[in-house]
Amino acid sequence: MARKSHVQTTINGETVEFLCESRQSLLEVLRDELHLTGAKEGCNNGNCGACSVILDGRLVNSCLVLGVETEGKSVETIEGLAEPDKLHPIQDAFLENAALQCGICTPGFIMSAKALLDSNPNPTEHEIRYWLAGNLCRCTGYDKIVKAVLDVAKASA
Amino acid sequence: MPTVVIPPLMRKFTGGEENITLPGATVREVIDNLESRHPGIKERLCEEDRLKPGIAIYINGLLTRGSLLEHVDADAEIHFLPAIGGGMAKPSD
Amino acid sequence: MQDFSYVAAKTVPEAVALLDEKGEKARILAGGTDLIVQVREARRDVDLMIDVKSIPAVNVLDYNADTGLTLGAAVECYKIYAVDAICDAYPSLIDATTIIGGTAIQGRAGVGGNLCNASPAADGIPPLIVLNATCVIAGPNGERELPVEQFCTAPGQTALEKGEMLVSLKVPAPASNSSSFYLRFIPRNEMDIAVVGAGASVTLDDAKQTIVSARIALAAVAPTPLFAEEASALLAGREISDAAIDEAAQAAQAIARPISDMRGTAEQRTHLVGVLTRRALNGAIQRVQDAS
Amino acid sequence: MAEKKEYKVIGTRPIRHDGVDKVTGRALYGADFQMTGLLHGRVLRSPHAHARIISIDTSRAEAYPGVKGVVTAKDLPDAGDKVADLGEGAVNLKHLCDNILASDKVLYKGHAVAAVAATSPHIAEEACTLIDVEYEVLPPVLEVRQAMEADAPLLHEHLKTTSMGETADEPSNVASHIQHKLGDPEKGFAEADIVVERDFVTGTVHQGYIEPHNATAHFNQDGQLTIWCSTQGAFTVREQVAEILQYPISKIKVVPMEIGGGFGGKISVYIKPVAALLAKKTGKPVKVLMSRADVFEGTGPTPASYIRVKMGATKDGKITAAEAYLAFEAGAYPGAPVGPGAMCIFAPYSIENVVIDGYDVVVNKPKTAPYRAPGAPNAAFGSESVVDEIAEKLDIDPLEIRLLNAAKEGDRRADGPIHPRIGCIETLEATKAHPHYTAPNGKKHHGRGVASGYWFNIGLESSVTINVNSDGTINLIEGSTDIGGTRASIAMQAAEVLGIPAESVNPSVVDTNSVGYTAVTGGSRTTYATGYAAYEAAQEVKRKMIARAAKLWEVNEANVQFADGEFSCINGKEEQISFRDLCAQLGQTGGPIVGSGTVNPGGAGGAYATHVVDVVVDEETGKVEILRYTAVQDAGRAIHPSYVEGQIQGGAVQGIGWALNEEYIYNAEGTMTNASFLDYRMPTCLDLPMIDAVIVEVPNPGHPYGVRGVGEVPIVPPMAAIANAIYDAIGVRMTELPMSPDRLLKAMGKI
């Protein structure tokens, strides 16, 4: 049996400890060990963005990070975005704009949009499309997703 | 009386006739009457008192459940068409 | 996915010792965007991943207008294009780092890892070749340097010997009146692997009308990224003209040895080498001419 | 007959009911399901496209630490010669079972051969490599025309061509032949001044939903089987699993989790019966997940096809005759959507003389599954390209020629039935009036194309139950899995009936034990048919509420009227009570109120779409960029316009992917070489402009609010529209999909 390592990390502001095998990705750890199933597996090789999380302030595909690599690091996931009584403005904008259909890509898109707006609060449509190109959506044709992100940018301008 | 539109691939049974008007208040009656006029055609449409898989019935342009018990109006137009495979339209019993 | 061990090395000697001890089945883990996928898909057999991201030497990102750039092997793409001075000095490197994967990939992947992965289609390698970069390699017998165009030896194979690792890349400071350009052809606008990639650097005379020197490099048209040496040499001393650029493009086409695969056909690739070489050269020239 | 009138809820854009769960990551999809003691299953798949299985030895896998059970086709009941009649049509049961786990032959690379349950997914995966399968490799058949040749290797020794009930004598890869005929095509072509005939080829494409298939199964000690999964239809999962396992429906409960896209691809079952078999064998709950490669190689793509279209027209543009030959790849087992393709191909036109032949042909590729208007996009690529060419040769505007020949109410479709009220002309007129169509378009290598499309839509069974709450809200229970906002569009129809806000409806999608039979979310039927059931259920609630008001006021029910959410007394008493206030009185007036509706409506009402696209072609690289895109569609009545637009935009973009880059690329051995999201190139947002969705409303008389299905038809026009735009840009007619850069370079003579 594969050996497990002890890892201590910060997830959505809380210190979390877990045991994991070296071969378990951060995505597997989040979903299977910590039951944070908001990040989704769409391709498991970094091409769909459904597993996007923010690691030490930078957007990453959690399927391409090993769980053991997160020792001492800070992870933000979709579960940590809303306040107890209030959605994050990006979440509101996705709802207002009907920017989701099946919803499987939505957590990834929202985390990706958050990382974009954190570093560039007022992106152009092209900048949004460039930044979100690593997130695949098969339902919406992206139109309403891009509009939702533009709305958030406008509101903060 | 209802009119049956004979599918092109079955017109050899009807001597090329495309539209046949015959009595019947249910699909079953219409098919039985069709069979007595053009023997052999029922075997192509039905097996064991059910419509063959792969064949669908449209009455007045609407897809039915494919039951032989389906009611047929006096002026109805009946089509036997290939059932739409690929997961779309053949309802289950 | 096969089971393996993981070590976060603290120093280059520690990583080198582990590599030396474990041999082929030990791999350096930097961004992991290629390695993790390869192991997951059973395309690479690995017993040990040596995470080098906490080693200071592989995280250096230092640019000096006189001495050039030192780029640690584990520096992620996004850190490179965040530095304005690097964007100005090495635009081809920025062209590449902003198109490797998507933004999430760029949060992990780096140019050093791109080089060590040794994909023939790597976007990061042609810019390094045209920018005259040198690899700084550490091994059991100390450090050595190698021109970047000699680093890749076959698909997925490098000149690294047993126990050796890439520590950093050194890129000379750009000459005056010089610039560089990298582009690739992909069917989509992002997220694809290059069907063909072409990089070019040029140095022009003060009038910006004559090419003093040029370097051209190609991706995805041979088992390794190629330095198009003859095509580059053809341009030295030539006045800028469509004819000169066409000649160089043809010379570049002549060295392409592409295959047909799911990403493109051989004839398409050969054709694209010509198109992209022209565009890369014109792009680099334009950048020099646009600079005030 | 639904008339244009004012609605309070319909046509508004409320926040969808499941929205907050889906933007916070809390919504539970199939793979998110957790359970104590869960085992993880993985499937071993064939490395060969066509081979006989000589032997399977699972002993090494069974001995591997952590492995709890291994299953193969031997664990399935003997299928014999039975025909399974399923929600997806009549299917040979052996074919159905063999596609779950191959028994004697593997028929495509990726065909499931065995499965392992273990304590971790990694162990299950490792154990799969320890299963020893001996194959006798056979030559693969990878293309439809090759498969139809007399000397082609046969996939199935006993498969014989059927044509409307008649079965051929000799075995063949052609499973069936269909034909539609109208008028006298020969005469029609003789009357034409111009005849255009072209061949078209389309590649194999996948639905490309982002969520891989998943299933968790558990057998209770009493034999009760529960399956938690993502599916387009819990009831069809129940039926298919019951048939495959030969297990009573009453002992199977299917719990539909949230579903991450389907587009037709999550109707057929793949790993659900496998999870059940593993659960049975191990006595533990087992979760089976597919990888992305499994999804590409092991689940239904939509067929590649060869299509020949011939159309004739008079000088003034009247189409006099049309002929089509459609040969569709079914994949490994019969069932290509050639029927719908044949139904739809000329449906935007009123043509007197038509003949259409369709062939369903097996090849060594995964068995195809429905994909958004299955069959129609392939067909329309051919017909809409030919119509464009006729228009060009006659120098008639492409929209004008479509208007001149447009199908309308009362016209006979080529397959026989007569069109009811349809919105073909209205859609074309709206396209003509759109500023996009008249915007300047003359730059070098820029082009504009248009194309139309038709999809018939379906009705089928839906059931809804409404429980009235004392606070004036209702709980709406439905069996239609919500893939794109249908909780909202169904709830809104009930809300409209009861005069309450959409927010006062709590919709739930429940398991197969908890609601009446409901067919799949597919065929663009959900807002139409389940909405219809919700309407009926709400009507029952309304009737019962009227009875309560009558009781409260001690009047006859006939004296109670309901309008705008208020019950009032007519004839005599001055009484009025709101829906909400009356709900608070339910206890006093006789207890809870439950309304139910179950429907199987026949009047789904076909949908038309016309798309306009501007492209620019890079003449040196062959790359096509989409610059502007407008999609006009008759929705009958848009219940929630945002989600109607979303369907239109999403369908158009899937079509753009199909048009430009998406295809299964096979090597000579029959291995798909691009089975990943890296190399199966679906559009990213950087490849697209905004998609302008224009909703036309020609109410469907077959629905109380005039709803027509909207989900499928938007994928029908894009391929031809883009091909026509490319022609406009560079003067080259592209007849092969995808119109990828290398094909454009070849067509332009650059390579």
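**Exercises on a predicted multichain model**

Chain A and chain B do not touch, their nearest C-alpha atoms being 20 Å apart; two residues are in contact if their C-beta atoms, placed from the backbone, lie within 7 Å. The model is predicted, so that local features need pLDDT of at least 70 and side-chain atom pairs count only at pLDDT 80 or more, while totals for chains, interfaces and linings use all residues. Residues are numbered from 1 along each chain as its sequence is written, and chains are lettered from A and ligands numbered from 1 in the order in which they are written.

**Exercise 1.** Determine which pair of chains has the most contacts.

*Solution.* Step 1: 4 pairs of chains touch. Step 2: chains B and C do not touch, with nearest C-alpha atoms 28 Å apart. Step 3: among the touching pairs, chains A and D have the most contacts.

**Exercise 2.** Establish whether L61(C) is buried, partly exposed or exposed.

*Solution.* Step 1: locate L61(C) in strand β4 (residues 61–64) of chain C; strands are DSSP runs of E, at least two residues, numbered from the N terminus. Step 2: apply the classes, where 20 or more other C-beta atoms within 10 Å means buried, 12 or fewer exposed, and in between partly exposed. Step 3: L61(C) is partly exposed because 17 other C-beta atoms lie within 10 Å. Step 4: not counting residues up to four places away in sequence, L61(C) touches L71(C), G72(C), V75(C), K79(C), I80(C) and V83(C).

**Exercise 3.** State how far apart the C-alpha centres of domain 1 and domain 3 of chain C lie.

*Solution.* Step 1: take the bounds, domain 1 (5–51) and domain 3 (179–290) among them, from an automatic or database domain assignment. Step 2: the C-alpha centres lie 34 Å apart.

Note on methods
Helices (H or I, at least four residues) and strands (E, at least two) are DSSP runs, numbered from the N terminus.
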